[in-house]
Amino acid sequence: MKYLYKIASVLFLLFLVSCSEEKIGESEFGTVTGKVVSADTFEPMENVKILSSPTSSTVFTDETGKFTVSNVKVGEYSFQAQKDGYVAKFEAVSITANNTSEIVFELSKSTANNKPPTVPVLVSPIDNSAGQAVSLDLTWTATDPNNDVLTFKVILRNDSNSDVKTFENIKEKKLALTDLLFGTKYYWQVEVNDGVNTSVLSSISAFTTITFPATRYLFVKKVNDNNVIFTADDAGKQYQLTSSDKNSWRPRRNNQAQKIAFVGTNGSQNDIYTMNFDGTGIKKVTNSVSIAGFNSDYIGYSWNASGSEFIYPNFDKLYKISSDGSGLTKIFQTPNGKFISECDWSADGTKIALKVNDANGYNTEVYVIDNSGVITTSIIAGQPGAIGGLHFSVTGLKLVYTKDITGFESATYRQLDTRIFEYNFITASSYQIVTEKISGTNDLDVRYAPNESELIFTNTSNDGISVKNIVKTSFGVANSRVILFSGTSMPDWE
């Protein structure tokens, strides 16, 4: 009996030890937390299945891409993230008692079963359509069988030059185009990519823009603090010719040359340029000697009737140059060192009118020289105040200009009461032309109209900061003063 009692005692102790060990093992659990993101965008991914080997609980990520797996027995595990359309990702994790392990999955799209997007269909403009506006929308359609996010690229060419424009990372099935060339045939193509497969290219479509309209007026408007040249037709519709990113002013149209000339900034200096009537084909004329004077806002140049040559000032000198930039020649220099600010060349090429002044723009003289540089006619000699706007009549027998009758002078070249005058070479006399000017304003930049029965000029308040308007008036006709274009200056009408 005593022996049996000892055996029973030993078995009871073994049972207690066994029960104690099982309780300790049951408490050895840990926690796994993590996040699933896209390998391409690093955006969180929702409803991704998370499972492990050895098997533990199966969970899904929330809208923030996060997940938690609780009560995972200690040990070595391989956790897996699964989602349709993506390559499954595995991460090894060591689970320790009462600790939290973190995992981050980056899932890449699976290309095994992913289909490419459909070939883009170009919708508008219709292929080979004509008369399209120079600002329009390109539109197309494309779909993706897997509902992948699509991005587009548009390639645009034209038959006028070798430019190839590429517009990338477009999210919509539309592209707004502006500032297309007039009368030009364009070719365009769309490429689509789903971020998985090779890009798919559309067919090529073509359209032609409208031809440039017939216009006669030229003027300057302020855009982004720059002088920008515009043109307008008889109905008043305006078209921008020069870039808003550069200063361009004093436009002059030559119908025989089929060109427009203007002054433009070129680094620290100003030069004469030419362009086509639609603003294309810009070419620089002046090179080693720029156009310069006491104030670039009031400087002027002229070209002959055929458009083959220009005359322009460079401080106290007058130069002649061919329209292609060749043949630069000095033809005159002021005898007293005054600056030449403006010049005009008569249509028959026999007279050149010059306005000269001191470095402040005053003590003005206006006289005429011949082609050999000899002064033939004195029109104004050393008068105070601002004078400008020289323009010959078509016969060369009259010259129109403006003069501030107050004789006021200031450091800012402010004008108080500038009116229009005309010099008659036959009578050798000057007289004021009545234009019904409003008191407190100035009439500036005067030009003869093509029929010479009218004048076109700029009118603005004498405060120097108010809006400028281009005005037209008829000779000797009461109440004929009309505003043609508001917020504009430096007119030309051919």
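## Open three-stranded sheet

In this predicted model, residue G34 has I103 of strand β7 as its bridge partner. The two strands concerned, β1 (residues 29-38) and β7, are parallel and share eight bridges.

Both belong to an open sheet of three strands, ordered β4-β1-β7, in which the pairing is mixed. Strands β4 (66-73) and β7 (100-107) lie at the edges, each pairing on one side only. On average, with direction ignored, neighbouring strands of this sheet are turned by 25° against each other.

## Consecutive antiparallel strands

Strands of a sheet pair through backbone hydrogen bonds, in either the parallel or the antiparallel sense. Strands β25 (residues 309-314) and β26 (residues 317-322) are antiparallel and are joined by six bridges. Within this pair, F310 has I321 of β26 as its bridge partner. The hairpin of β25 and β26 has two residues between the strands, and F315 adopts a positive phi near 60° there.

Strand β26 is also joined to β27 (residues 329-333), again antiparallel, by four bridges. Here Y319 stands opposite K330 of β27. Six residues separate the strands in the hairpin of β26 and β27, where G325 has a positive phi near 90°.

## Second largest pocket

The second largest pocket holds about 460 Å³ of space. Its lining comprises 16 residues, of which D179, L180, Q240, L241 and D278 are the closest to the centre of the pocket. Classified by type, the lining consists of eight polar, six nonpolar and two charged residues.

Technical notes:
Residues are numbered from 1 along each chain as its sequence is written. This is a predicted model: local features need pLDDT of at least 70, side-chain atom pairs count only at pLDDT 80 or more; totals for chains, interfaces and linings use all residues. Side-chain values use heavy atoms; hydrogens and water are left out. Two strands pair if DSSP finds at least two bridges between them. On a 1 Å grid over the protein atoms alone, a cavity is a set of points where a 1.4 Å probe fits but cannot get out, and a pocket is an open set with protein on both sides within 12 Å along at least five of seven lines; lining residues have an atom within 4 Å of a point. Grid points are joined across faces, edges and corners, and a volume is the space filled by probe spheres set on the points. Ala, Val, Leu, Ile, Met, Phe, Trp, Tyr, Cys and Pro count as nonpolar, Asp, Glu, Lys and Arg as charged, and the others, Gly among them, as polar. Axes are lines fitted to C-alpha atoms, for helices over the stretch in contact, and angles run from 0 to 180 degrees between N-to-C directions.
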